Amino acid sequence: MTTLETTGRTATALRPASGLLLASQLVFNIGFYAVVPFLALVMTRDFGLAATAVGIVLGARVFSQQGLFLVGGMIMDRWGARRAMLAGCLVRVSGYLTLAMAGSFPLFLLGAVLTGMGGALFSPALESLVGKAEERRRSTTGKAPALLRCLPSAGKSEPWQVPCWAPCCWAFPSPGQRWPGQWSSP
């Protein structure tokens, strides 16, 4: 274990816990899936934009996040996961501020693209850190909870769907785990 010379703390003290990382992913996913319907309503009802304009803005927003994950991953490899996450948060906040001040189609489009680009920077870095945290935890406990597979989906679930899939997070073993009472192979 290495010690940091500037603070004297061990390097393990600076590693984020997987629970904190998953909570931040949950908040990011809720933000992503909550903004899209409200953005469509605001653009049509409050600003009178046509359905075509709304479709272009929302399509650009989804593409700028989902379509730029590869670019976000390359940036994360170059800058490191923490810097990429911070940059993603800053870009996303600037996108939300742009959306808050938007009053025309070009500003809505710019704000939507910025929020997507922020997510494209944040998500690959977060998944990398979650993987590393779980590797560390698995090497010490030997367990891999199914919760890690379920929480990322929680942000995109409708409230009525949560009771349907939540029990599955705890009922089924993760890869590499055995069912209670399952025999080990000879």
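In which helix is the place of Ala 112? Ala 112 lies in helix H5, and the views below begin from the chain as a whole before returning to that residue. The structure is a predicted model, in which local features need pLDDT of at least 70 and side-chain atom pairs count only at pLDDT 80 or more, whereas totals for chains, interfaces and linings use all residues. Residues are numbered from 1 along each chain as its sequence is written, and side-chain values use heavy atoms, with hydrogens and water left out.

**Figure 1. The protein chain has seven helices and zero strands.** Helices (H or I, at least four residues) and strands (E, at least two) are DSSP runs, numbered from the N terminus. Read from the N terminus on, the elements follow the order α-α-α-α-α-α-α. Of the 186 residues, 33% count as buried, where buried means under 20% relative accessible area, exposed over 50%, and partly exposed in between (1.4 Å probe, protein chains only). The accessible surface of the chain comes to about 11400 Å², and 67% of it belongs to carbon and sulfur atoms; these areas come from the Shrake-Rupley method with a 1.4 Å probe, and for residues only the protein chains shown count as cover. Among contacts (heavy atoms within 4.5 Å) between residues at least 6 apart in sequence, 69% join residues at least 24 apart.

**Figure 2. Ala 112 of helix H5 is shown with the residues in contact with it.** Ala 112 counts as buried, at 0% relative accessibility. Leaving aside neighbours within four places in sequence, Ala 112 is in contact with Val 57, Arg 61, Ser 64 and Leu 99. The C-alpha atoms of Ala 112 and Gln 65 are separated by 9.7 Å, although the two residues are 47 residues apart along the chain.

**Figure 3. Ser 64 of helix H2 is shown from the other side of that contact.** Ser 64 is buried, with a relative accessible area of 3%. A polar atom of the Ser 64 side chain lies 2.9 Å from the backbone oxygen of Arg 61; a polar contact is a pair of N or O atoms within 3.5 Å, of which, within protein, one must be able to donate a hydrogen and the other to accept it, while residues adjacent in sequence count only if both atoms are side-chain atoms. Beyond its neighbours within four places in sequence, Ser 64 is in contact with Ala 112, Val 113, Gly 116, Met 117 and Ala 120. Ser 123, in helix H5, is likewise shown here: Ser 123 is buried, with a relative accessible area of 11%, and, with neighbours within four places again left aside, is in contact with Gln 65 and Phe 69.

**Figure 4. One aromatic pair is found in a search of the whole structure.** The ring centres of Phe 47 and Phe 108 are 5.2 Å apart and the ring planes stand at 70 degrees, so the pair is edge-to-face. Rings of Phe, Tyr and Trp (its six-membered ring) pair if their centres lie within 6.5 Å, and planes under 30 degrees apart count as stacked, over 60 as edge-to-face and the rest as tilted. The pair links distant parts of the chain, 61 residues apart, with Phe 47 in the loop between helix H1 (18–46) and helix H2 (51–66) and Phe 108 in helix H5 (residues 105–141). Phe 47 is partly exposed, with a relative accessible area of 37%, whereas Phe 108 counts as buried at 1%.

**Figure 5. The largest nonpolar core has 13 residues.** A nonpolar core is a set of buried Ala, Val, Leu, Ile, Met, Phe, Trp, Tyr and Cys residues joined through side-chain atoms within 4.5 Å. Leu 21, Met 85, Ala 125 and Leu 126 have the most contacts inside the largest core. The elements that give two or more residues to this core are H1, helix H4 (81–101) and H5, and the largest share, six residues, comes from H5. Apart from this core lies another, of 10 residues, among them Leu 39, Leu 99, Ala 102 and Phe 108. Leu 126, in helix H5, counts as buried at 1% relative accessibility. Not counting residues up to four places away in sequence, Leu 126 touches Leu 21, Ser 24, Gln 25 and Met 85. The C-alpha atoms of Leu 126 and Leu 21, 105 residues apart along the chain, are separated by 6.8 Å.

**Figure 6. Helix H3 (residues 69–79) has Gly 72, Gly 73 and Met 76 as its buried residues.** Seen down the axis of H3, these buried residues fall within an arc of 100 degrees, so they line one face of the helix; the arc is that of the directions from the helix axis to the C-beta atoms. Leu 70, Met 74, Asp 77 and Arg 78, on the other side of H3, are exposed. Gly 80, just after H3, takes a positive phi of about 100 degrees.
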